[in-house]
Amino acid sequence: MINGVVNAHLELTLRLTLRGPNGQVRRVNAVVDTGFNGSLTLPPALIAQLGLSWDRCGSAILADGSESEFDIYAGVLVWDHRKRAVPIDEADTTPLVGTALLAEHALAAEFRPRGKVMIRLLGRPRHSR
């Protein structure tokens, strides 16, 4: 189970642990963004601190209809007490958790300041006989 908190702006926030390729560790606060279908965004300064390796370029259509190009880095995130390799999109904004990280999970939140955020792995579907 992954736990977080709803902030004063009613955003769902998580405290994440990121690992760089040479043992660097950073803890960051990230906002859950269900409109973002990637895994995670990080600002350029944090990507540099972690020493993440560039992987490829990406592009996205933004809410205003404009297209944005960005760099994608290879990163490691501790997710539900396990290390997980994830693509990290560079974005000069607050770190965002996208729906690719939430896939196969259930998300619940108490939408009030300091409310609980709970993310749990879904069980495997049971087959009927």
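So, three strands each put at least two residues into the lining of the second largest pocket: β1, which is 2–6, β2, which is 12–19, and β6. Keep in mind that we're looking at a predicted model here.

Which of those strands gives the most? That's β2, with three residues. If you want to find this pocket on your screen, go to the start of the chain: Met 1, Ile 2 and Asn 3 are among the lining residues. Then pick up Arg 15, Leu 16 and Thr 17, add Arg 27, and finish with the run Val 78, Trp 79, Asp 80 and His 81. By class, that lining comes out as five nonpolar, three polar and three charged residues. The volume of this second largest pocket is about 210 Å³.

Okay, on to the largest pocket. How much space lies in it? About 440 Å³. There are 18 residues lining the largest pocket, and the ones closest to its centre are Phe 36, Thr 41, Ala 60, Leu 62 and Phe 70. As for elements, the ones giving two or more residues to this lining are β5 at 53–61, β6 at 67–79 and β7 at 82–90. The largest share comes from β6, with three residues. And the classes? For the largest pocket we have eight nonpolar, six polar and four charged lining residues.

One thing to take away, then: look at β6. It supplies at least two residues to the lining of the second largest pocket, and β6 also gives the largest share of the lining of the largest pocket. That's it from me, thanks!

Conventions:
Residues are numbered from 1 along each chain as its sequence is written. This is a predicted model: local features need pLDDT of at least 70, side-chain atom pairs count only at pLDDT 80 or more; totals for chains, interfaces and linings use all residues. Side-chain values use heavy atoms; hydrogens and water are left out. On a 1 Å grid over the protein atoms alone, a cavity is a set of points where a 1.4 Å probe fits but cannot get out, and a pocket is an open set with protein on both sides within 12 Å along at least five of seven lines; lining residues have an atom within 4 Å of a point. Grid points are joined across faces, edges and corners, and a volume is the space filled by probe spheres set on the points. Helices (H or I, at least four residues) and strands (E, at least two) are DSSP runs, numbered from the N terminus. Ala, Val, Leu, Ile, Met, Phe, Trp, Tyr, Cys and Pro count as nonpolar, Asp, Glu, Lys and Arg as charged, and the others, Gly among them, as polar.
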